[in-house]
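Please find below my notes on the pockets and the ligand site of this entry. The points follow the order in which I would discuss them.

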Amino acid sequence: MELNYGASRQQPRQDAAMQRFREHRFGQFVHWGLYAMPAGYWQGTEYRFAAEFLQKTANIPEPEWAELAQQFSAEAFDADAWAALAARSGVKYATFTTKHHDGFCLWPSQYTDFHSGNTPAARDFIGELVAAYQRHGIDVYLYYSVLDWHHPDWRYRLESAEDQQAFKRYLDFAMNQLVELAQRYPSVKGFWFDGTWDESVKANGRWTWEVEQRLKELIPGLIVSSRLRADDLGARHRDSNGSLMGDYESGYERRLPDPWDRSVCEQDWEACMTIPQASWGYHAGPWAKRTRKSAAELIDMIAHCTSLSGNFLLNFGPRGDGSIDPEDAALAEQIGNWLAQNGAAIYGKGVATNWSYPGWGYYTQEADSETVYAVVTKWPTARRLRLQLPAGERLLAATLLREPALQLNPQELETSLFELELGNSSEETLVFELTTAAAE
Ligand SMILES: C#C[C@@H]1N[C@@H](C)[C@@H](O)[C@H]1O
């Protein structure tokens with residue numbers, strides 16, 4: 001079907017900027033804003049829902065919510081401390097919320113007075129974060145919510161000429177803000193869009209196409225995820241012909257593709273994930289705290305995504321004062337320590353095309369390399385690891401990546417089926433570098 005605003009390519013981008021993105025494999029998402037102050041509570045009641053949705057969950061009148069800006073002092077905010085922790089956690093890129101659904105901007109936008117410059121903090125948080133993260137060698141991406149509960153011209157659906165006129169004013173406002181972000185922070189590597197699911201946005205596929213074009217004119221090589229895009233007929237992520245719009249699939253939110261689903265490898269993709277079950281903004285209540293994921297669970301997800309040639313974007317929700325939750329900081333350090341010893345199996349790796357999903361973990365491999373890694377995340381009860389190699393291959397050795405190095409000699413059970421005796425290795429997530437050869 002002929003489309004004016006559908007996918008602009010059929011195959012993944014092969015330029016250096018996109019290759020850099022796909023080699024990162026592990027990134028940090030940061031959701032921070034006014035919502036971090038009430039942190040899931042309102043007038044003494046804990047609301048058991050995402051903290052960044054509290055304005056809606058607790059039915060707080062917009063003017064009352066906007067008053068929070070007058071308490072936003074962020075006295076503990078330290079961009080360099082955030083960046084240093086991110087570097088220790090092993091992330092290679094970071095995506096910051098610039099404006100979430102409540103419309104509050106973390107940079108001094110000239111297009112609204114609802115921003116961090118008009119708070120007791122009076123700071124350009126995005127500017128400080130971009131500079132600090134880049135000083136620590138971490139690429140920066142910017143999250144922008146098209147959905148905006150604060151702006152008077154926002155509309156969920158377009159049911160009248162007045163709705164159309166108002167929403168046109170809103171889309172002009174949003175385009176102005178996006179151009180402002182690209183011009184203020186031209187070193188960012190990409191934009192991550194959210195809040196594009198309503199009928200009003202789906203009816204404006206051309207605007208979504210124009211945003212992508214305009215931002216890529218301003219920042220050559222810029223990466224824009226599929227979540228921004230709607231086509232001529234309102235189809236999202238994939239156009240009405242089934243082709244992926246944007247530069248990578250970003251529809252995996254708090255879910256991962258099935259570990260055996262190799263169809264996802266056809267395009268670049270990224271899954272974003274929370275530490276608690278379902279809150280992106282900091283939630284101070286027991287509802288969130290009792291659902292926190294462990295380092296082992298999150299390391300499994302990093303390897304899971306890598307094994308299907310996808311990126312994993314792990315979210316941190318800093319507290320209302322700008323400090324990092326100590327539990328989140330400890331988790332970041334644990335993940336970073338694992339990656340410091342086992343990152344060779346993650347960074348720059350992807351699907352091991354000829355190796356089937358083993359069930360006890362994941363195989364990863366660098367394109368055009370013979371070396372395959374086995375990431376063991378689910379310990380076999382008999383402590384004997386069975387590896388089914390591609391037909392015609394045999395396993396010569398399996399060498400642990402972490403110190404002290406340990407080489408296990410595989411036992412051949414039958415053609416292309418080998419077994420490793422794991423002995424009393426600790427039940428951490430182990431990675432073996434596999435040495436293989438063609439069977440005689
Ligand atoms: C729904 C929804 C939003 N999408 C996630 C990435 C968070 O920003 C959440 O608030």
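1. The lining of the largest pocket comprises four nonpolar, eight polar and seven charged residues (Ala, Val, Leu, Ile, Met, Phe, Trp, Tyr, Cys and Pro count as nonpolar, Asp, Glu, Lys and Arg as charged, and the others, Gly among them, as polar). A pocket is, on a 1 Å grid over the protein atoms alone, an open set of points where a 1.4 Å probe fits, with protein on both sides within 12 Å along at least five of seven lines; lining residues have an atom within 4 Å of a point.

2. This is a predicted model, in which local features need pLDDT of at least 70 and side-chain atom pairs pLDDT 80 or more, whereas totals for chains, interfaces and linings use all residues. Residues are numbered from 1 along each chain as its sequence is written, and side-chain values use heavy atoms, without hydrogens and water.

3. Of the 19 residues that line the largest pocket, Arg22, Arg25, Ser309, Gly350 and Ala367 lie nearest its centre. Two or more lining residues come from each of α1 (16-24) and β11 (350-351), and α1 contributes the most, with three.

4. The ligand occupies the second largest pocket (more than half of its atoms lie within 2 Å of the grid points). Its shell has five nonpolar, three polar and three charged residues, among them Phe53, Tyr143 and Trp280 (a heavy atom within 4 Å).

5. Side-chain N or O atoms approach the ligand as polar contacts (N or O pairs within 3.5 Å): Glu52 is 2.8 Å from a ligand oxygen, His100 is 2.8 Å from a ligand oxygen, and Asp194 is 2.8 Å from a ligand nitrogen.

Conventions. Polar contact = N/O pair within 3.5 Å; in protein donor to acceptor, adjacent residues only side chain to side chain. Helix = DSSP H or I, 4+ residues; strand = E, 2+ residues; numbered from the N terminus.
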